[in-house]
Amino acid sequence: ELVEEEEPTSPRSRADCQFLRDFGYDKEARRFAVLALGNLAVSSYSHSQLMNSDCLQALKSSLVCVDDETRFNAAFALNKLSMGGDSGHGGGVDETDENSNITILGENGCIPGLVNVLTNGSPPAQSQAVAVLRHLAVRTENRFYILQAGALEALGKLAESIAGVGEEQEGAGGVVDREKETLRELATLTCLLTLSDGLRMPLVASRLLVPLVTLCQHADVEIARHACGTIANIAEAKRTHKQLVSKTVNAIHMSVFLMRSKHLSVHREAARIVSNMLTSSASHRLFLDDGGLISLFRLCRSLDAETLLNCALIFRKLTPILANHEFMISKGCLQPLLILLSTQDLTVRRQAAAAMRDLASNLAFKATMAEEGCLQRAIELGKDEDLQLKTIGMGILRHLSINSRVKRPIVTMGGLSPLYMAIEDENQDIDLLRQCAAVLSNISENGENQVSLIREEILPRLIHLGAVRHPEIQQDVAKCFASLTANAENHSGVFGAVEMKCLVDLSESSEENCRRDALVSLGNLAVNAKNQLLVSKIGGLGAITQSLASEFESCQRFACRVLYRLSAHSDIQTSVVENGAIPLLNGLLKKESPLIRKYAVMCLCNISTHPTNMPKLAQQGSLTPLIAALTDKEEVVSRYAAMSITNLACDPNNQVFIAKLGGLPPLIEAASLTGTESARYAGMALANMSSNRQNRLPIVEMQGLKPLVMMSFAKKFETQRAAGLAFYNVSCASKNHVTLVRNDVVASLAHLAKSDDLECKKYSIMTLANIAANVETRAAASRSGGLQTAIHMIKDADLDCRRYACIALCNMANNATTQEQIVVHGALPGLLAMAHDISDVESQRQALLTLCNLASNEMNHSSMMSKGIMKVLTDAFESPDADVREYAAFTVANIAGNPDYTAMVG
């Protein structure tokens, strides 16, 4: 019954009336209205009618009402709407479609209300709100709306409150199932949110991070998978790694453990976390120390392509750090890496191959890798159809080939085949050609390979690569040529005009290393006449001469080396001068580099041997730098400078120029040094210089006799000969005779006369004859072994030696004291024999003149008569030569003047 002033019985209670008075609407009516909308939204065909501003506004206001059941119903309705397609005809969700449900819901401001439900709603309502947000998060813009609405804090609280649900209560009832579903939705939501880079750092900084790490280890696979996916997404941003490796989160340790999970989706995402975390090198040690390699090696045998890709990425990020290599290889990483290389997935193979290339760059493990199968796999990769894999394979070979123990196996195991195929490929990829050129350059350093590569027809490939206009390729080609030409077996009959032309072209490169190695190759080949002429014939001298003016010191050095060897051929010496090399070589003699100075002066030395070049070198200014080089601190430079001046001093005009340019003092100084080759050649230069009359007095006045005396006692005949020639030349100036005697030159001459070298003996007796011709030095010439030398030489087998000995004795016999000594020491037999030899009138004349001088001393008459001089003299009267008859007559007159022998003469 109705009671006045009392509310009739109805489903609504007094609380509803109070609610109506307080909030202006009927709570229960609204609750059921929203529920009706939710039921309608179950069917996507209703969405076109429901997705309007009035409906959405009603649902939005219901999300923030105080009635929890209404909020639940509103969240439920939005959940169903967010699962639909576009407002026209339902279906799938397209985040890029401006008319899609999730776009409309996000743009109409539903997200703040959903976050309110997360904060104040009951667990069922929260579950529905999380589900709606998960659907909305598919759209990128909605993710930032969710962030702006403060959802991370609400989600963090929610996750903290229910993160442990289901771990030990599985199957406990509907509540547990609902909470697990909420966790699934929450993990999926965070996974979607972190697809946007802008949300990763805010999520890491929120209270949601720690519960997410807990969820990664949840027993429910879906929860763990999406939680791991969230952490993996976050780890893509390197700036988050510091928080992820903190003690609170310890993501590396957790991921290493999860990589051993039996569930594919879990260990796949765990591997992705690690691969992203290893972008920071600070994470490497944590991963290795936590036993991460063991987890990694187990996953390398997975059949899942994405898991294998993550494994390959982990290897790829670990291997660039050199410090990781020893630990990884010692733990056996090579075999798992080879397994990854044998998969069918191209991306996995590329990443694994790149990791192997990084490991191969370590000098300490190249041989180990080759022995464990990496060399064979690299050769196989070189034959792959994929260009990138092929290039990486060649890169591995390039690194491995640096090791001397691997250079030969590359050839014996068939490594040349993919190399040649790549070089001859019609695509001509520059990066691939770079790797091929580097491999050939490295393996050619092996001595056996240097010969076998020629047999394997490497030269046409090198010529092809040399024509590629790329600095690194040409550099490696030039280096390969340098190694091949270093082997003596390849010097003859291997390199023809085409190969030489390639080298000449490379020697014109603007790159230092390329030009240098090309010049080294040309220098190696220029050791035999055929190659020398070939280089000259193809026009190589011009390019080599240009390299003398290169800005690079090494190029200048080896250009000098090539010219030095080429100029050893007499037919090329004039061409070197014609190509303008002399001024450049003169300038190089002033360089700081001792090697440049050495090769430059050696080149000038060879050029100076050609007679037509001698005046040209002087005209082009070579004398001054060569004279300066005589005092070079490097003995080899001063030696070849002395040799060059020795050659140039063969020209009479140069003899004068050298002296005028101040060449005598440094020559004498260099010749005074004991025990050096420089001294020997400086002495020889002095010998040549002394052949000019203008230089004879200056040489003696500048103390040039001292080094010449030392040279006369040298062990080499060549040195002794030079000293003897110098003595003779300076002795042709009578003003030098006294100085010669004072410097004990007579003793040197006596020593030279005992030499087995004919030239030494000849120069010795000629000098002695000159000294004995001077009244001031005649007596001194007979001392210090001079007389004995002349007497000994008169019996020499050589006619010139006998004749000059006779002249020396004749001059000595002008001295009364010496006359008697000549006879006493046994000179008569030799003199009489020469005087009696009618076949040699000149010697007969000199011998009779000597006998005439000796006969002027009565003390000699007895010996002369006893030796049968009268027979010689009377026979001489029959000579057709007037001088012979005259000298014989004077001798008879001298003897007849002695009363003791007058009758006998008659």
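The lining of the largest pocket comprises seven nonpolar, four polar and four charged residues. The model is a predicted one, and the pocket described here holds about 250 Å³ of space. Three helix pairs are then treated in turn: α5 with α7, α7 with α10, and α19 with α20.

**The largest pocket**

- In total, 15 residues line the largest pocket.
- Those lying nearest the centre of the pocket are G675, T676, R680, A714 and T719.
- Two elements, α46 (677-689) and α48 (705-712), each contribute two or more residues to the lining.

**Helices α5 and α7**

- Helix α5 spans residues 68-82 and helix α7 spans residues 111-120; the two pack at an angle of about 135°, and their axes lie 11 Å apart.
- Because of this angle, α5 is oblique to α7.
- The crossing in which α5 passes α7 is left-handed.
- On the α5 side the contact involves D68, R71 and L78, while α7 supplies L114, N116, V117 and N120.
- Sorted by class, the residues of this contact of α5 with α7 are three nonpolar, two polar and two charged.

**Helices α7 and α10**

- Helix α7 also packs with helix α10, which covers residues 151-162, at an angle of about 30° and with the axes 9 Å apart.
- Angles under 35 degrees count as roughly parallel, so α7 is roughly parallel to α10.
- Helices α7 and α10 cross in a left-handed manner.
- From α7, the residues V115, L118 and T119 take part in the contact, and they meet A151, A154, L155 and L158 of α10.
- The contact of α7 with α10 contains six nonpolar residues, one polar residue and no charged residue.

**Helices α19 and α20**

- Helix α19 (residues 292-299) packs with helix α20 (residues 305-318) at an angle of about 140°, and the separation of their axes is 9 Å.
- The two helices α19 and α20 are therefore oblique to each other.
- Where α19 passes α20, the crossing is left-handed.
- Helix α19 brings L293, L296, F297 and L299 to the contact, and helix α20 brings T307, L308, C311, I314, F315 and L318.
- Nine nonpolar residues and one polar residue make up the contact of α19 with α20, with no charged residues.

Definitions and conventions:
Residues numbered from 1 in each chain as written. Predicted model: local features only at pLDDT ≥ 70, side-chain atom pairs only at ≥ 80, totals over all residues. Heavy atoms only, no water. Axes fitted to C-alpha atoms, helices over the stretch in contact; angles between N-to-C directions. Helix = DSSP H or I, 4+ residues; strand = E, 2+ residues; numbered from the N terminus. Parallel < 35°, antiparallel > 145°, perpendicular 65-115°, else oblique. Left-handed = near helix turned anticlockwise from the far one by under 90°. Contact = heavy atoms within 4.5 Å. Nonpolar A, V, L, I, M, F, W, Y, C, P; charged D, E, K, R; others polar. 1 Å grid on protein atoms, 1.4 Å probe; cavity = no way out; pocket = protein on both sides within 12 Å on 5 of 7 lines; lining within 4 Å. Points joined across faces, edges and corners; volume = space filled by probe spheres on them.
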